[in-house]
Amino acid sequence: MDGQPPIGGKTTDVGANGVSISLADPLAVGQGGQLAFDLLVEGGFVTIHTRVKVSYCIFSSGEFKVGFQFLQPDLAAVTALARFMR
């Protein structure tokens, strides 16, 4: 996230417009940052890099589920997401 060191999490849901990631610590709604995650697309891994904004943060089952909205992903990211969701 902007102004913070990188953090790791577990992707729980991926869609065309965003992703939900389980994290150990909460993030503020509206906070922006750079996100990178891997998708398995047609037998190979594709790394998605895109700007994001936190759209929600809820505590559930001992962790925080954080929703990230993609902000103007590049064409390669959009294409990989579309192929992943087929």
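These exercises work through the fold and five residues of a predicted model.

**Exercise 1. The fold**

Task: Determine which secondary structure elements the chain holds, and in what order.

Solution.
- Step 1. Count the elements. There are one helix and five strands.
- Step 2. Read along the sequence. The pattern is β-β-β-β-β-α.
- Step 3. Check the compactness. The radius of gyration is 13 Å, close to the 12 Å that the globule rule gives for 86 residues, so the chain is as compact as a globular protein of that length.
- Step 4. Add the extents. The C-alpha trace spans about 35 × 25 × 20 Å along its principal axes.

**Exercise 2. Burial, contacts and surface**

Task: Describe the chain through its buried share, its contacts, its exposed area and its charges.

Solution.
- Step 1. Take burial. Of the 86 residues, 33% count as buried.
- Step 2. Take the contacts with a separation of 6 or more. Residues 24 or more positions apart account for 49% of them.
- Step 3. Take the surface. The chain exposes about 5,300 Å², and carbon and sulfur atoms supply 56% of it.
- Step 4. Take the charges. There are 6 positive and 7 negative ones, and their mean positions lie 5 Å apart.

**Exercise 3. Two serines in strand 2**

Task: For Ser20 and Ser22, find the burial state, the side-chain polar partner and the contacts.

Solution.
- Step 1. Locate Ser20. It sits in strand 2, residues 18–23.
- Step 2. Apply the cut-off. Buried means under 20% relative accessible area. Ser20 has 6%, so it is buried.
- Step 3. Find the polar partner. The side chains of Ser20 and Tyr56 are joined by a polar contact of 3.2 Å.
- Step 4. Set aside residues up to four places away in sequence. Ser20 then touches Lys10, Thr11, Thr12, Asp13, Tyr56, Lys65, Val66 and Gly67.
- Step 5. Turn to Ser22. This residue is also in strand 2. Its relative accessibility is 6%, so Ser22 counts as buried.
- Step 6. Find its polar partner. The Ser22 side chain makes a polar contact of 3.3 Å with the side chain of Glu63.
- Step 7. List its contacts, again without neighbours within four places. Ser22 meets Gly9, Lys10, Thr12, Glu63, Phe64 and Lys65.

**Exercise 4. A loop leucine**

Task: Decide whether Leu27 is buried or exposed, and identify what it touches.

Solution.
- Step 1. Locate Leu27. It lies in the loop between strand 2 and strand 3, the latter covering 32–41.
- Step 2. Read the accessibility. The value is 10%, so Leu27 counts as buried.
- Step 3. List the contacts beyond four places in sequence. They are Met1, Gln4, Ile7, Val54, Cys57, Val66 and Phe68.
- Step 4. Set sequence against space. Leu27 and Phe45 are 18 residues apart in sequence, and their C-alpha atoms are 27 Å apart.

**Exercise 5. Positive phi angles**

Task: For Ser61 and Gln72, give phi, the place in the chain and the accessibility.

Solution.
- Step 1. Take Ser61. Its phi is near 55°, a positive value in a residue other than glycine.
- Step 2. Place Ser61. The loop between strand 4 (44–60) and strand 5 (63–71) holds it.
- Step 3. Apply the cut-off. Exposed means over 50%. Ser61 has 73% relative accessibility, so it counts as exposed.
- Step 4. Take Gln72. Its phi is near 50°, a positive value in a residue other than glycine.
- Step 5. Place Gln72. It is in the loop between strand 5 and helix 1 (75–85).
- Step 6. Read its accessibility. The relative accessible area is 78%, so Gln72 is exposed.

Technical notes. Residues numbered from 1 in each chain as written. Predicted model: local features only at pLDDT ≥ 70, side-chain atom pairs only at ≥ 80, totals over all residues. Heavy atoms only, no water. Helix = DSSP H or I, 4+ residues; strand = E, 2+ residues; numbered from the N terminus. Buried < 20%, exposed > 50% of the residue type's maximum accessible area, 1.4 Å probe, protein only. Polar contact = N/O pair within 3.5 Å; in protein donor to acceptor, adjacent residues only side chain to side chain. Contact = heavy atoms within 4.5 Å. Rg over C-alpha atoms; globule rule 2.2 N^0.38 Å. Areas by Shrake-Rupley, 256 points an atom, 1.4 Å probe, with all protein chains shown as cover. Lys, Arg positive; Asp, Glu negative; His and termini not counted. Charge placed at Lys NZ, Arg CZ, Asp CG, Glu CD.
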